[in-house]
Amino acid sequence: MPQIRAARDEDVDDVVALWSLAAENRGRPADRPDLVRLLIERDPDALLLAVDDGEVVGTVIAGWDGWRASLYRLAVAPQHRRRGTARLLVGRAEARLKALGATRIHAMVLEENNDGNGLWQALGYTPQPDWRRWVKAAR
Ligand SMILES: CC(C)(COP(=O)(O)OP(=O)(O)OC[C@H]1O[C@@H](n2cnc3c(N)ncnc32)[C@H](O)[C@@H]1OP(=O)(O)O)[C@@H](O)C(=O)NCCC(=O)NCCS
C-alpha cells in the first residue's frame, strides 16, 4: 500500500498535475499552485498524499475550520484505483478531523460522478438531497 503523509511545498506541482488528470474537475475553478501553497502554509497537515514508490498517486484535503469538517480533492491516479488507496486516505483524514474535534464530516460530489458516489457510499456516507450549495466568487 502507498504511504500516507502530509504534503510539502515541493509536492505542489505533482499534486496539481495529479488533479488535472485524476480529480473531479467539472463545475469548479482551475487549481492554482499558489493557492495550494497557501493551504499548506495555513494548515500544514490538511493536504494528505498517498505516495507509492516516490510518486504521488492520491490526495485528499481534510479541512477543519473549527466548526465544520470537510473532505475535498479526493483523487487517485487512474492506474492505482480499486486498490484501497482512497479508503486509506479517507481513513487518515477522518482520524485527523476527529482528533481536532469534528463530530460530523462532509464531502461534496457531483451527482453524475459514479466513482465518487460509489466511494462515499462504501465508506458509510449518506447523501443529503434536500440541500443545495450556493457559491460566489471571492477573487
Ligand atoms: C473515487 C476515487 C477517489 C476512488 O479511489 P480508489 O482508490 O479507487 O477507491 P478504493 O479502492 O479505496 O475503493 C473503496 C471502495 O469504494 C467503492 N468504489 C470505489 N470506486 C468505485 C467506483 N468507480 N464505482 C463504485 N464504487 C466504487 C468500492 O466499494 C470500493 O471497494 P471495493 O474496491 O472493495 O469494491 C477514484 O475513483 C477517483 O479518483 N475518481 C476521480 C475523482 C473523484 O471522483 N473523486 C471523488 C470526488 S468527491
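Leaving aside neighbours within four places in sequence, which residues is Leu18 in contact with? In this predicted model, the partners are Ala23, Val56, Val57, Gly58, Thr59, Ala75 and Ala77. Leu18 itself belongs to helix 1, which covers residues 12-22. With a relative accessible area of 4%, Leu18 is buried. One of its partners, Val57, sits 39 residues away in sequence, yet the two C-alpha atoms are 7.3 Å apart in space.

A wider view helps to place these details. The UniProt record, an unreviewed entry, carries the annotation "domain: N-acetyltransferase" for residues 2-139. Across that span, helix makes up 33% and strand 22%, and the C-alpha atoms at its two ends lie 36 Å apart.

Helix 4, formed by residues 114-122, offers a good place to look at how one element is packed. Gly116, Leu119 and Trp120 are its buried residues. Viewed down the axis of helix 4, these buried residues fall within an arc of 95 degrees, so they line one face of the helix. A general feature of helices is helpful here: an α-helix has 3.6 residues a turn, so residues three or four places apart point the same way. On the other side of helix 4, Asn114, Gln121 and Ala122 are exposed. The cover over the buried residues of helix 4 includes strand 4 (69-76), helix 3 (85-100) and strand 5 (105-107).

Both ends of helix 4 have something to show. At the N-terminal end, Asn113 acts as a cap, with a side-chain oxygen placed 3.1 Å from the backbone nitrogen of Asp115. After the helix comes Gly124, which has a positive phi, near 95 degrees.

Helix 4 also matters for the picture of the ligand, which is surrounded by 23 residues. The closest of them are Leu74, Val76, Arg82, Gly84 and Asn113, and Asn113 is also the residue that caps helix 4. At least two residues of the shell come from each of strand 4, helix 3 and helix 4. Helix 4 gives the most, with 7 residues.

Several backbone atoms of the protein approach oxygen atoms of the ligand. For Arg83, a backbone N or O atom lies 3.3 Å from a ligand oxygen. The corresponding distance for a backbone N or O atom of Ala86 is 3.0 Å, and a polar backbone atom of Arg87 is 2.9 Å from an oxygen atom of the ligand. Taken alone, the ligand exposes 910 Å², and the protein buries 79% of that area.

Helix 3 also contains Thr85. Thr85 counts as buried because its relative accessibility is 3%, below the 20% cut-off. Not counting residues up to four places away in sequence, Thr85 touches Met1, Pro2, Ala50, Val76 and His80. Among these, Val76 is also one of the residues closest to the ligand.

Two further residues stand out for their backbone angles. Asp53 is not a glycine, yet has a positive phi of about 55 degrees. Asp53 lies in the loop between strand 2 (47-52) and strand 3 (55-64), and at 81% relative accessibility it counts as exposed. Arg73, likewise not a glycine, has a positive phi of about 50 degrees. Arg73 is found in strand 4, and its relative accessibility of 10% means that Arg73 counts as buried.

Notes. Residues are numbered from 1 along each chain as its sequence is written. This is a predicted model: local features need pLDDT of at least 70, side-chain atom pairs count only at pLDDT 80 or more; totals for chains, interfaces and linings use all residues. Side-chain values use heavy atoms; hydrogens and water are left out. Buried means under 20% relative accessible area, exposed over 50%, partly exposed in between (1.4 Å probe, protein chains only). Helices (H or I, at least four residues) and strands (E, at least two) are DSSP runs, numbered from the N terminus. The arc is that of the directions from the helix axis to the C-beta atoms. Contact means heavy atoms within 4.5 Å. A polar contact is a pair of N or O atoms within 3.5 Å; within protein, one must be able to donate a hydrogen and the other to accept it, and residues adjacent in sequence count only if both atoms are side-chain atoms. UniProt positions are given in the numbering used here, feature names are shortened, and annotations may be inferred rather than shown by experiment. A residue is near a molecule or strand if one of its heavy atoms lies within 4 Å of it. Accessible areas come from the Shrake-Rupley method with a 1.4 Å probe; for residues, only the protein chains shown count as cover.
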